[in-house]
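Me: I'm new to reading protein models. Could you walk me through one, feature by feature?

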Amino acid sequence: RGSRRTPPPPISVVSAELLEAVGLKVRAKNKEEHRTAITGLAQIYFKHYLRPRLEYVQEGGDDVNIDEILQIWENVDSDLESKFGWIPRNVFLCVSYSDAEDAEMRSRIYQIVDDTLLGTAKREGSTLTPTARACGLAMILQSLKSNDNSMKWCAFLMSQRASLQRALGSYLDARTKAKECESGSPERYEADSDAMERLEIVAKHSAPVAPVKSPGKEKDANDLGAILKKVHGAKDKHIFRILSTIASPTHSPNARMRAFDELPKRTKGLGPGAQGWIRSLARRCAMGAFVNAEAIEHCIILSQECFESDDVRTAACFLEGVKLATTIFPQLGGTKEGFKNLAEYFDAARTSNPSAKVKRDMEKFGLVTSLSEILARS
C-alpha cells in the first residue's frame, strides 16, 4: 500500500540495438510473440517518431502553412531516422505471413496499418488531422522505397483489400438481382445460386473462420458453409446496406466506424460464427487511416502546393501516395474534389513557365507524366 509505479523510461534511453532486438522477435516461431513484437514496434514508431515529427503540422490543422510541411523534408534527423525508420518496412514485410500460415498475424497487420502507423481515423476527431496524415503517408512511403520487398508487400496488402471490395460488391449486386426475381421461380433459384457462389468468392478473399471457443447451442459456428448460408439468408436489409458502403474505397472514416458499430449488433441473431465472420470481413474491407479518399485528396492538394513553392522533390513525394493508391483503387482519384484538383494541378504543371532548376526537377521526377497517368486511371 502506498507504493507508486515507476514511470517508464523515456524513449531516448531505449537504444537502437534494443529496438532491433525486438524487431528480430517478429520472426519468432511463437505466433503470439511475433504479433506482440510488431504491434509494439508500430506503436513506438507512431508515438515517439512520426507524431513528434508532425507536431507543428498537427498544430496548424488543415490550414497549416506550406513552409511547415516543407520543413519536415528539410530537417531530417539522420540518427532518429536510422533508429526508427526501418519499422514501417518491417510492418509491411510481415504481410508475407499468409492466412494459411498465421491468419491472426495477417489480421493484426491490417489493424496496425489501418489504426496504428498513422493513428486512427474515427468519428469524433482523429489521432492526426487529414493534412498530418497525408504527410505521414508520404513519409512512410519514402521509407519503403529503400526496400523493394516492403513496398511490394504494401501494394499487395492494398490489392488484397481492393479484391475483397470488388468481390463483396459483386455479391451484393447478385443478391439484389436475386431478390428482384419472383419467389419460387426458376429465375430466382438460378440468381440465388449465382449470389451464393459470389459469396463463396468473398470468403476466399477474406480471413478464414476464426474458431468460436464458446459456441453454445450453435453446433455449426465454425462451419464456413453454414455461416455463409446464414449471412446470405439474413432478413435485416440494413446489414447489406452497411456492407455496400464499405465495398467502395471512397467511403468516409465515419462510414467505416458506423459499419464497425452497427454490424456486430445487427448480426448477433445469426450466431457467434456468422457474427465473427462478418466483423472480420468488415475489418479487412473498410479503408483505414493509412490510405483512404480523404488522405489522397490531401496528398493531391499538398503536392500542388509544394510544386507552387518550387519544391518539386517534395511534390513528387506526395504524388507517390496518389500514384500507388490510384493504381490499386482508381476510384480514389475520381472523387469530386480529388479529380477537380488533379485536373487543375495537371494544367498548372503543363502550362507553367518554371525556372531552369524547377524544369529539370520536373523532368527528373516525371511530374507531368505522373499526373497524366493518374488522371487517365481515375
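Me: How many positive and negative side chains are there, and how far apart do the centres of the two sets lie?

Reply: Keep in mind that this is a predicted model. For charge, you count each kind of side chain and then compare where the two sets are centred. Here there are 54 positive and 50 negative side chains, with 7 Å between the two centres.

Me: What about helices and strands, how many of each?

Reply: The protein has 19 helices and 0 strands.

Me: How does the radius of gyration fit with a compact globule?

Reply: You set the value beside the one a compact globule with that many residues would have. For 378 residues that would be near 21 Å, and the protein has 23 Å, so the two agree. Along the principal axes, the C-alpha trace spans about 70 × 65 × 35 Å.

Me: And which share of the residues is buried?

Reply: Buried means under 20% relative accessible area. In this protein, 49% of the 378 residues are buried. The accessible surface is about 19000 Å², and carbon and sulfur atoms account for 50% of that.

Me: Can we try one residue? Is threonine 131 buried or exposed?

Reply: Threonine 131 has 2% relative accessibility, so it counts as buried. You'll find threonine 131 in helix α8, which covers residues 130-144.

Me: Which residues is threonine 131 in contact with, leaving aside its neighbours within four places in sequence?

Reply: Those contacts of threonine 131 are Val57, Gly61, Asp62, Val64, Ile69, His298 and Leu302. Now the whole protein: of the contacts between residues at least 6 apart in sequence, 77% join residues at least 24 apart.

Methods. Residues numbered from 1 in each chain as written. Predicted model: local features only at pLDDT ≥ 70, side-chain atom pairs only at ≥ 80, totals over all residues. Heavy atoms only, no water. Helix = DSSP H or I, 4+ residues; strand = E, 2+ residues; numbered from the N terminus. Rg over C-alpha atoms; globule rule 2.2 N^0.38 Å. Buried < 20%, exposed > 50% of the residue type's maximum accessible area, 1.4 Å probe, protein only. Contact = heavy atoms within 4.5 Å. Areas by Shrake-Rupley, 256 points an atom, 1.4 Å probe, with all protein chains shown as cover. Lys, Arg positive; Asp, Glu negative; His and termini not counted. Charge placed at Lys NZ, Arg CZ, Asp CG, Glu CD.
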